[in-house]
Amino acid sequence: MTGAAARIELIEVDDVIVGALLGGGTTPLDLAVGFPRTEDVQALQGFERGALSFLIAVDGVVVGTCGTHGPPNADGVLELGWGLVASARGRGVGTAAVTQLLDRARRRYPTATIVAHTEWSDTGAGLLADSAASESLLDGLGFVADPPPDAPGYRAWRLAG
């Protein structure tokens, strides 16, 4: 974690927050250097009612986003996503945030099948996960992965149980 005193919380996204962050308006939120990243802007632009959408804050400073890619699809599948600014990575922030996200997703959609995807790219020396930390996080939270892809693309993870 980021230290014994660090408080990691999820701030629910609403139209006001999206408007302020994307419209260049003022916000009372304290934003980390590098936030919003391109991926955060994309997540905020895709804000959809029925989805779970949150800002990730560490001791009151916004360091990333997490949520679902909408409500469960017709097959009852709910996909999670998250991302952090570089300074928040490698300190347990992602694990704490995704754990909280999972708790909220299970409460709102108790019968949904929860999935996530990791991206794999060709490094020139072979295919590797773009984020080994994300794969480790998912494994540690009880997700089971499909085999690694044999071409650049995505690897699917499904929450066991």
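# Exercises on a predicted model

Helix 1 and helix 2 cross with a left-handed sense. The model is predicted. Work through each task before reading its solution.

## Exercise 1: two helices

**Task.** Classify the orientation of helix 1 and helix 2, then sort the residues of their contact by character.

**Solution.**
- Step 1. Locate the helices. Helix 1 covers residues 15–23 and helix 2 covers residues 38–45.
- Step 2. Take the geometry. The two axes come within 10 Å, and their crossing angle is roughly 135 degrees.
- Step 3. Apply the cut-offs. Roughly antiparallel needs an angle over 145, and roughly perpendicular spans 65 to 115. Helix 1 and helix 2 are therefore oblique to each other.
- Step 4. List the contact. Helix 1 supplies Val 18, Leu 21 and Leu 22. Helix 2 supplies Val 41, Leu 44 and Gln 45.
- Step 5. Sort the residues. Five are nonpolar, one is polar and none is charged.

## Exercise 2: the loop before helix 2

**Task.** Find the cis peptide bond that ends at Pro 36, then decide whether Arg 37 is buried or exposed.

**Solution.**
- Step 1. Find the bond. The peptide bond running from Phe 35 to Pro 36 is cis, and its omega is near 5 degrees.
- Step 2. Place Pro 36. This proline sits in the loop between strand 2 (30–31) and helix 2.
- Step 3. Place Arg 37. Arg 37 is likewise in the loop between strand 2 and helix 2.
- Step 4. Judge the accessibility. Arg 37 has 15% relative accessibility, so this arginine counts as buried. The cut-off for buried is under 20%.
- Step 5. Name the contacts. Setting aside residues up to four places away in sequence, Arg 37 touches Gly 83, Leu 84, Val 85 and Arg 89.

## Exercise 3: a positive phi

**Task.** State what is notable about the phi of Asp 59 and classify the accessibility of Asp 59.

**Solution.**
- Step 1. Read the angle. Phi of Asp 59 is near 50 degrees, which is positive although the residue is not glycine.
- Step 2. Place the residue. Asp 59 belongs to the loop between strand 3 (53–58) and strand 4 (61–68).
- Step 3. Classify. Asp 59 counts as partly exposed because its relative accessibility is 43%.

## Exercise 4: two partly exposed residues

**Task.** Describe the setting of Thr 27 and of Leu 128.

**Solution.**
- Step 1. Place Thr 27 in the loop between helix 1 and strand 2. Its relative accessibility is 25%, so Thr 27 is partly exposed.
- Step 2. Add contacts. Thr 27 touches Ala 20 and Leu 21, with residues up to four places away in sequence not counted. Val 16 is eleven residues from Thr 27 in sequence and 9.1 Å away in space, C-alpha to C-alpha.
- Step 3. Place Leu 128 in strand 7 (residues 127–129). At 48% relative accessibility, Leu 128 therefore counts as partly exposed.
- Step 4. Add contacts. Beyond its neighbours within four places in sequence, Leu 128 contacts Glu 119, Trp 120, Ser 121 and Thr 123.

## Exercise 5: the core

**Task.** Which residues touch the most other members of the largest nonpolar core?

**Solution.**
- Step 1. Name them. The core has 38 residues, and Leu 55, Ile 56, Val 63, Ile 114 and Phe 143 touch the most other members.
- Step 2. Find the main contributor. Helix 3 (residues 93–108) gives the largest share, seven residues.
- Step 3. Follow Ile 114. Its contacts, leaving out residues up to four places away in sequence, include Leu 78, Leu 80, Leu 102, Phe 143 and Trp 157. Arg 106 and Arg 158 are also among them.

Note on methods
Residues are numbered from 1 along each chain as its sequence is written. This is a predicted model: local features need pLDDT of at least 70, side-chain atom pairs count only at pLDDT 80 or more; totals for chains, interfaces and linings use all residues. Side-chain values use heavy atoms; hydrogens and water are left out. A nonpolar core is a set of buried Ala, Val, Leu, Ile, Met, Phe, Trp, Tyr and Cys residues joined through side-chain atoms within 4.5 Å. Buried means under 20% relative accessible area, exposed over 50%, partly exposed in between (1.4 Å probe, protein chains only). Helices (H or I, at least four residues) and strands (E, at least two) are DSSP runs, numbered from the N terminus. Contact means heavy atoms within 4.5 Å. Axes are lines fitted to C-alpha atoms, for helices over the stretch in contact, and angles run from 0 to 180 degrees between N-to-C directions. Angles under 35 degrees count as roughly parallel, over 145 as roughly antiparallel, 65 to 115 as roughly perpendicular and the rest as oblique. A crossing is left-handed if the near helix is turned anticlockwise from the far one by less than a right angle, and right-handed if clockwise. Ala, Val, Leu, Ile, Met, Phe, Trp, Tyr, Cys and Pro count as nonpolar, Asp, Glu, Lys and Arg as charged, and the others, Gly among them, as polar.
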